[in-house]
Amino acid sequence: MQKQDNTMHQFDAIYGEISNVYHEINRKLGLTDTESIVLYSVAVDENVSQKAICSLSGLSKQTINSAIKKMINDGILEPLSGHKNEKLTPTQKGQKIIDEKISILIDMENRIFTSWAPDERKIFIDLYARYLDMLKDECDSLEV
């Protein structure tokens, strides 16, 4: 086995810490990580579907489906068409949570990204997307 490159180790540590910080933010907001992901998705895309949330978050269909089902039962979300796998919209209760909690998270992220110069943001996104593409290629060629 090849020893891990120190830079990759730093990347892994930062990635893990970012996940931990998001978890702590969600805890402080009184939301589970999955609730936050679903409500965030609904807040930024009024036509988001369960399938899109799975794709964007990387979470399993079962995890997202369970969270959405609970949020529908709790009166936070409703499917636009009345079908559970269709596009989702917040109820008044859900919109209040988005306005009071999810907007805090969105504002935090916006402050961070807009504090960077446009070329820094582009480099960050380009490199991160390139890493993802290459990781997918490696995954596709993986034979165990």
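This dialogue works through several features of one predicted model.

User: Which conventions apply before the features are read?

Analyst: The model is predicted: local features need pLDDT of at least 70 and side-chain atom pairs count only at pLDDT 80 or more, whereas totals for chains, interfaces and linings use all residues. Residues are numbered from 1 along each chain as its sequence is written, and side-chain values use heavy atoms, with hydrogens and water left out.

User: Where does helix α5 bend?

Analyst: Helices (DSSP runs of H or I, at least four residues) and strands (runs of E, at least two) are numbered from the N terminus. A bend at a residue is the angle between two fitted axes, one for the seven residues ending there and one for the seven starting there. Helix α5 spans residues 92-114 and bends by about 40 degrees at Ile102.

User: Which residues of α5 are buried, and what do they pack against?

Analyst: Burial is read from relative accessible area: buried means under 20%, exposed over 50%, and partly exposed in between (1.4 Å probe, protein chains only). In α5 the buried residues are Gly94, Ile97, Ile98, Ile102, Leu105, Ile106 and Glu109. Ile102 is thus both the site of the bend and one of the buried residues. The buried residues of α5 pack against α1 (6-29), α2 (33-44) and β2 (88-90), where contact means heavy atoms within 4.5 Å.

User: How many disulfides does the structure hold?

Analyst: A disulfide is a covalent bond between the sulfur atoms of two cysteines. The criterion here is a pair of cysteine sulfur atoms within 2.5 Å. The structure holds zero disulfides. Cys54 is in no disulfide, and its nearest cysteine sulfur, that of Cys139, is 18 Å away.

User: Why does Cys139 form no such bond, and are the two cysteines buried or exposed?

Analyst: The closest cysteine sulfur to that of Cys139 is in Cys54, and 18 Å is too far for a bond. Cys54 counts as buried at 13% relative accessibility, while Cys139 is exposed at 52%.

User: How many salt bridges are there, and which residues form them?

Analyst: Side chains of opposite charge can pair when their charged atoms come close. The cut-off applied is a side-chain nitrogen of Lys or Arg within 4 Å of a carboxyl oxygen of Asp or Glu. The structure holds four salt bridges, including the following cases.

Lys70 pairs with Asp74 at 2.6 Å, N to O. Lys70 is partly exposed at 46% relative accessibility, and Asp74 is partly exposed at 32%.

Lys96 pairs with Glu100, with the closest N and O atoms 3.9 Å apart. Both lie in helix α5, four residues apart, or about one turn of the helix. Glu100 is partly exposed at 46%.

Asp126 pairs with Lys122 at 2.6 Å, N to O. These two are four residues apart in helix α6, so about one helical turn separates them. Asp126 is partly exposed at 39%, whereas Lys122 is exposed at 52%.

User: Which residues make the nonpolar surface patch, and which element gives the largest share?

Analyst: Patches take residues with over 30% relative accessible area and no salt bridge; nonpolar side chains (Val, Leu, Ile, Met, Phe, Trp, Tyr) are joined within 5 Å, like charges within 9 Å. Accessible areas come from the Shrake-Rupley method. Tyr15, Ile112, Phe113, Phe124, Ile125 and Tyr128 make a nonpolar patch of about 560 Å². Two or more residues come from each of α5 and α6 (118-141), and α6 gives the largest share, three residues. Ile112 lies in helix α5 and is partly exposed, with a relative accessible area of 46%.

Notes: Areas by Shrake-Rupley, 256 points an atom, 1.4 Å probe, with all protein chains shown as cover.
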